[in-house]
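Hi,

Here is the structure I promised to send over. Have a look at it first, and my notes follow underneath.

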Amino acid sequence: VADKCPDLVRLNVMCCDKLTDAAIVAVAEKCTNLAKLNAGGLHNLTDAAIVAVADKCPDLVRLNVMCCDKLTDAAIVAVAEKCTNLAELDVTRCRKLRDVAIVAVANNCPNLTTLVIAYCDIVTDTAIIAVADKCP
């Protein structure tokens, strides 16, 4: 897909269990106009893949990484800092995420309209208050 579709703007690979970082990195490197990525349920996905998306796809507006249980704050902070037009983010069941990731999104993504952080067990009031403070 990455080699033949450089103008790809939307990719949904949700729950494609055999996919790894290599696939997402290839898409990020060759499909730099990517605006919407649904990688939910990719249990093999690590920070490296999402950081590559953040680095190469600055126009990203929608990201779903629900149930990507290997992701840490580093991935979401990279997205927040480099994809500042982000409008929708779903990190449901990304249980390694802490307040720092959500605060980075709140501070850097003024166009955010949808944020799903269900079952992120270690996110506290601090993160939600930061989001609330940034709401218009």
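Let me start with helix H5: among the things that cover its buried residues are H4 and strand E5 (114-116). Bear in mind throughout that this is a predicted model.

The buried residues I mean are Ala127, Ala130 and Val131, in H5 (residues 125-134). Looking down the axis of H5, they fall within an arc of 100°, so they line one face of the helix. That fits the usual pattern: an α-helix has 3.6 residues a turn, so residues three or four places apart point the same way. On the face of H5 turned away from the buried side you'll find Asp125 and Asp133, both exposed.

H4 (residues 99-108) also pairs up with H3 (residues 73-82): their axes come within 8 Å and cross at roughly 5°. Anything under 35 degrees counts as roughly parallel, and H3 and H4 are therefore roughly parallel to each other. On the H3 side the contact uses Asp73, Ile76, Val77, Ala80 and Glu81, while H4 brings Val100, Ala101, Ala104, Val105 and Asn108. By type, that contact has 7 nonpolar, 1 polar and 2 charged residues.

Then there's the core. The largest nonpolar one has 47 residues, and Leu37, Leu63, Val65 and Val91 have the most contacts inside it. Helices H1 (21-30) and H2 (47-56) give two or more residues to this core, as do H3, H4 and H5. H3 supplies the largest share, 6 residues.

If you want one residue to click on, try Val65: leaving aside residues up to four places away in sequence, it touches Ala39, Gly40, Ile50, Leu71, Ile76, Asp90, Val91 and Cys94.

Cheers

Terms used
Residues are numbered from 1 along each chain as its sequence is written. This is a predicted model: local features need pLDDT of at least 70, side-chain atom pairs count only at pLDDT 80 or more; totals for chains, interfaces and linings use all residues. Side-chain values use heavy atoms; hydrogens and water are left out. Axes are lines fitted to C-alpha atoms, for helices over the stretch in contact, and angles run from 0 to 180 degrees between N-to-C directions. Helices (H or I, at least four residues) and strands (E, at least two) are DSSP runs, numbered from the N terminus. Angles under 35 degrees count as roughly parallel, over 145 as roughly antiparallel, 65 to 115 as roughly perpendicular and the rest as oblique. Contact means heavy atoms within 4.5 Å. Ala, Val, Leu, Ile, Met, Phe, Trp, Tyr, Cys and Pro count as nonpolar, Asp, Glu, Lys and Arg as charged, and the others, Gly among them, as polar. Buried means under 20% relative accessible area, exposed over 50%, partly exposed in between (1.4 Å probe, protein chains only). The arc is that of the directions from the helix axis to the C-beta atoms. A nonpolar core is a set of buried Ala, Val, Leu, Ile, Met, Phe, Trp, Tyr and Cys residues joined through side-chain atoms within 4.5 Å.
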